[in-house]
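Q: Could you walk me through this model one feature at a time? Please start with the ligand.

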Amino acid sequence: MRDKLNSILKIATNEIDGANTLEQLNDLRVKYLGKKGEITAVLRQMGSLSPEERPVVGKYANEVKEQIQELVCDREKELKQKEMEQKLTQETIDITLPGVKRNIGGLNPLTIVKRKMEEVFMSMGYEIVEGPEIENEYFNFEALNLPSTHPARDMQDTFYITKEFLLRTHTSPVQIRTMLNKQGKLPVKIASPGRVFRKDDDPTHSPIFQQIEGLVIDKDITMADLKGTLLLFAQKMFGTNKKIRLRPSYFPFTEPSAEVDISCIMCEGNGCSTCSDTGWVEILGAGMVHPNVLKNAGYDPSEVKGFAFGIGIERVAMLKYGVKDIRDFYSGDIRVSKQFIGG
Ligand code: FA5
């Protein structure tokens with residue numbers, strides 16, 4: 001049996017040495033060391049040996065097995081090294097070939113406009129704050145003096161989540177949250193950007209859009225402060241030759257209320273399709289904070305006054321960049337954002 005083992009070792013050594021690929025080597029590993037391999041076959045015949053011979057031959061069989069294992073291992077290292085060297089010589093990189101161009105977009109124009117608007121308000125001393133997109137009815141409507149009979153509370157305009165919770169329809173609930181946080185302290189001067197949600201959908205109205213809310217509360221605040229602030233905002237955003245006009249309007253949370261137009265950017269006020277030949281484009285709603293709102297938020301309306309406004313960010317971006325369809329902002333089409341690389 002010892003002779004048999006010696007002959008296996010001799011043939012295996014030759015064959016392993018002659019293996020040229022890892023696959024061939026693996027076949028040899030199975031052939032000699034596997035469960036049905038030649039060494040195992042020899043070990044199976046141990047029963048025919050005398051009890052004295054058995055441990056001696058068993059020990060020798062294990063030594064042969066270990067030697068073959070070592071041979072396989074060494075050859076494997078050699079073959080892997082050879083494979084690597086082959087790859088390195090074959091796979092050369094031609095650095096003169098043109099590279100693969102990555103399609104890089106730019107910032108979404110709404111992000112650019114939102115940041116610019118924040119910058120304008122910060123330069124006027126406003127603090128930027130944010131509020132939750134999921135609001136409760138109280139902050140979105142009730143505290144803002146919106147009676148339960150107001151059409152804005154209709155299920156048809158508002159995305160309700162439960163009877164109590166909804167997707168905020170405007171950024172105005174941040175007014176209440178801010179005043180309650182300030183606990184009667186003065187002044188309050190915040191700008192609050194964020195997404196709002198309404199059941200609207202046409203080329204100039206999106207179901208998800210963004211507003212930036214402004215709120216200033218202090219002693220002796222007047223409508224003139226509101227008008228001056230909005231004029232400065234319009235001129236910083238669109239150029240110093242721009243004018244604004246305030247039209248009487250109605251919001252339950254401001255009194256008096258106004259809708260604010262800017263002189264048309266496209267036609268300089270002469271009349272075009274963007275402004276429906278009026279020379280003016282509406283960009284925001286505003287007014288003096290209603291006494292009930294001040295009371296609901298812990299301020300005394302006989303002592304303090306304030307103004308508030310809510311600007312449509314998409315509306316400003318459409319005007320600034322001459323975008324006709326609001327949906328272009330959300331298309332995710334790289335051809336849109338590419339035009340805004342570098343702001
Ligand atoms: C409001 O949302 C009031 N909360 C604004 C306000 C705040 C008034 C503080 C007084 C004091 P209004 O529904 O008009 O108002 O919306 C304000 C602006 O949001 C509009 O002028 C318009 O620019 C923009 N807007 C309204 N609906 C949409 C829409 N579906 N898609 C895009 N922009 C919209």
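A: Sure, and let's begin with one contact: a polar side-chain atom of Gln211 lies 3.0 Å from an oxygen atom of the ligand. A polar contact here is a pair of N or O atoms within 3.5 Å; within protein, one must be able to donate a hydrogen and the other to accept it, and residues adjacent in sequence count only if both atoms are side-chain atoms. Taken alone the ligand exposes 680 Å², and the protein buries 94% of that; these areas come from the Shrake-Rupley method with a 1.4 Å probe, and for residues only the protein chains shown count as cover.

Q: Before we go on, what kind of model is this?

A: This is a predicted model, where local features need pLDDT of at least 70, side-chain atom pairs count only at pLDDT 80 or more, and totals for chains, interfaces and linings use all residues. Residues are numbered from 1 along each chain as its sequence is written, and side-chain values use heavy atoms, with hydrogens and water left out.

Q: Which other side chains make polar contacts with the ligand?

A: The side chain of His170 has an N or O atom 2.9 Å from a nitrogen atom of the ligand. For Arg198, a side-chain N or O atom is 2.8 Å from an oxygen atom of the ligand.

Q: How many residues surround the ligand?

A: Count a residue as near if one of its heavy atoms lies within 4 Å of the molecule. Here 25 residues surround the ligand, and the closest are His170, Ser172, Arg198, Asp200 and Glu282.

Q: Which strand gives the most to that shell?

A: Helices (H or I, at least four residues) and strands (E, at least two) are DSSP runs, numbered from the N terminus. S8 gives the most, with five residues, while S5, S8 and S9 each supply at least two.

Q: How do I read a helix that packs against other elements?

A: Start with the general idea: an α-helix has 3.6 residues a turn, so residues three or four places apart point the same way. Then look for buried residues (under 20% relative accessible area; exposed is over 50%, partly exposed in between, with a 1.4 Å probe and protein chains only). In H7, residues 173–182, the buried ones are Pro173, Val174, Gln175, Ile176, Thr178 and Met179. They pack against several elements, including S2, H6, S4 and S5, where contact means heavy atoms within 4.5 Å. Just after H7, Gln183 takes a positive phi of about 50°.

Q: What about H10: which residues are buried there?

A: Ile313, Glu314, Val316, Ala317, Met318 and Leu319 are the buried residues of H10. Among the elements that cover them are H5, H8 and S7. Gly322 follows H10, with a positive phi near 65°.

Q: Is Asn136 buried or exposed?

A: Asn136, in strand S2, is buried, with a relative accessible area of 17%. Its side chain reaches the backbone nitrogen of Phe139 at 3.1 Å. Leaving out residues up to four places away in sequence, Asn136 touches Glu164 and Phe165.

Q: Where should I look for cis peptide bonds?

A: Check omega. The bond from Leu186 to Pro187 is cis, with omega near -10°, and Pro187 lies in the loop between H7 and S4. The bond from Glu255 to Pro256 is also cis, with omega near -5°; Pro256 lies in strand S7.

Q: Is Ser276 buried or exposed?

A: Ser276 is exposed, with a relative accessible area of 57%. Ser276 has a positive phi of about 50° although it is not a glycine.
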